[in-house]
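Here's a quick briefing for anyone meeting this structure for the first time. Have a look at it, then read on.

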Amino acid sequence: MSAPTAALLVPCYNAVRFLPRLRAQVDRLVPAFDEVLLADDCSRDATATEAEALGFKIMRLPKNLGPGGARNALARAVSTDWIHFHDVDDEIAPDYLTQVTPAATPDSDIVLHFVDFIDEQTRAPVIRWSFDPAALATDPAVALLLGPLPTMSSFIRRSAFLGAGGFDEELRCFEDGDLHFRLAAGGARLAAVPAVLEWSLRHGDGAGSNQLYCFQCRLQFLENYAATQPARMHPHIAAEAERTATMLLRLDDAEHAGQAVALAGRLGRRVPTTGNPVLHLLRSVLPATTLLRWQDHWRRKH
């Protein structure tokens with residue numbers, strides 16, 4: 001049986017300074033992807049011209065679509081069996097395809113792997129995006145709801161991606177975790193490679209650097225899941241709503257935190273979830289957001 005074909009898809013916006021590094025990344029891949037396609041998402045700099053000068057094939061999008069829309073356009077434009085979305089400013093393992101292709105069998109639709117976020121200047125670790133293979137095998141939808149993964153953590157069968165409708169183009173943060181969750185909830189078959197195959201170089205640019213916006217997006221996705229997912233998912237959605245409320249309070253957004261608490265309550269979860277008898281007593285007299293602030297402050301100190 002011949003190896004499946006694969007495309008490396010790279011959305012770009014004002015990306016001139018990152019393109020030489022991308023060129024070097026692509027040139028050291030062994031084996032190479034069958035297709036490498038970039039999309040210029042209406043950059044205000046010379047991204048498209050510079051990409052072509054470096055030998056890349058690049059689409060010029062007619063309007064700014066954001067990360068989800070640009071990736072959807074890229075996926076529609078290629079014809080390979082499998083696709084991998086790579087950010088222009090990140091790093092990919094030279095043997096990426098050697099690592100993931102054995103798991104890209106006729107019995108799988110997504111191959112997930114680990115991703116490290118590291119500081120661009122110091123290369124110090126920021127966070128590792130990983131998963132528990134056993135939890136993923138037991139209930140992939142729950143695992144990916146509670147542990148959302150970034151875009152670059154997956155190698156996806158193109159037909160499964162298109163069949164799920166691709167990325168939600170309305171929101172520009174957490175759209176990656178949403179895609180993986182919807183694929184799993186829709187019955188996509190998952191395989192896992194528990195190894196770091198991508199490195200996201202954090203430099204303070206992009207939607208992901210605006211944590212307030214990201215958790216507001218997360219809340220909107222959770223509201224959507226509460227309306228569309230079966231009852232068995234509701235306790236897990238409620239747990240994520242409570243966690244989102246805590247993060248929003250850290251970011252001084254009491255309004256949206258209150259909405260997240262209300263969502264958890266509608267799904268049967270009394271916030272805050274706690275074994276502390278004092279907080280249990282105070283739940284009947286103080287707002288849940290106040291108690292969440294206290295709980296989060298205590299946990300972070302201890």
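Which residues touch the most other members of the largest nonpolar core? They are Leu9, Ile83 and Phe161, in a core of 62 residues. A nonpolar core here is a set of buried Ala, Val, Leu, Ile, Met, Phe, Trp, Tyr and Cys residues joined through side-chain atoms within 4.5 Å.

Bear in mind that this is a predicted model: local features need pLDDT of at least 70, side-chain atom pairs count only at pLDDT 80 or more, and totals for chains, interfaces and linings use all residues. Residues are numbered from 1 along each chain as its sequence is written, and side-chain values use heavy atoms, with hydrogens and water left out.

**The whole chain**

- There are 13 helices and 9 strands in the chain; helices (H or I, at least four residues) and strands (E, at least two) are DSSP runs, numbered from the N terminus.
- The radius of gyration (taken over C-alpha atoms) is 20 Å, close to the 19 Å that the globule rule gives for 302 residues, so the chain is as compact as a globular protein of that length. That rule is 2.2 Å times the number of residues to the power 0.38.
- Taken along the principal axes, the box that the C-alpha atoms fill is roughly 65 × 45 × 35 Å.
- Of the 302 residues, 50% are buried; buried means under 20% relative accessible area, exposed means over 50%, and partly exposed is in between (1.4 Å probe, protein chains only).
- About 13700 Å² of the chain is exposed, and carbon and sulfur atoms supply 54% of that. Such areas come from the Shrake-Rupley method with a 1.4 Å probe; for residues, only the protein chains shown count as cover.
- Take the contacts (heavy atoms within 4.5 Å) with a separation of 6 or more: 74% of them come from residues 24 or more positions apart.

**The cores**

- Back to that core of 62 residues: helix α9 (residues 211-228) gives the most to it, with 8 residues.
- There's also a second, separate core of 30 residues, and Ala6, Phe33, Leu97 and Ala191 are among them.
- Ile83 has plenty to touch: leaving aside its neighbours within four places in sequence, it is in contact with Ala7, Leu9, Ala75, Val78, Ser154, Phe155, Ile156, Arg158 and Phe161.

**Strand β4 and its partners**

- Strand β4 (residues 82-85) is covered on both faces, with Trp82 and His84 buried on one side and Ile83 and Phe85 buried on the other.
- As a rule, side chains in a regular strand alternate between the two faces of the sheet.
- β4 pairs with β1 in the parallel sense over 4 bridges, and Leu8 stands opposite His84. Two strands pair if DSSP finds at least two bridges between them.
- With strand β8 (residues 154-157), β4 pairs in the antiparallel sense over 2 bridges; Trp82 has Arg157 as its bridge partner there.

**Strand β9 and its partners**

- Strand β9 (residues 190-202) and β5 run antiparallel, joined by 2 bridges.
- β9 also pairs with strand β6 (residues 110-119), this time in the parallel sense over 10 bridges.
- Trp199 in β9 is the bridge partner of Glu91, and Trp199 is also the bridge partner of Asp116.

**Helix α1 and its surroundings**

- In helix α1 (residues 19-27), the buried residues are Leu19, Leu22, Arg23, Gln25 and Val26.
- Looking down the axis of α1, these fall within an arc of 160 degrees, so they line one face of the helix. The arc is that of the directions from the helix axis to the C-beta atoms.
- They pack against β1 (6-12), β2 (35-40), α2 (47-53) and β5 (91-92).
- Glu50 sits in α2 and is partly exposed, with a relative accessible area of 29%. Leaving aside its neighbours within four places in sequence, Glu50 is in contact with Val16 and Leu19.

**Two more residues to find**

- Met59 belongs to strand β3 (residues 57-60). Its C-alpha atom is 7.5 Å from that of Leu37, 22 residues apart along the chain.
- Thr246 is in helix α10 (residues 234-250) and is buried, with a relative accessible area of 13%. Outside its neighbours within four places in sequence, Thr246 is in contact with Leu292 and Asp296.
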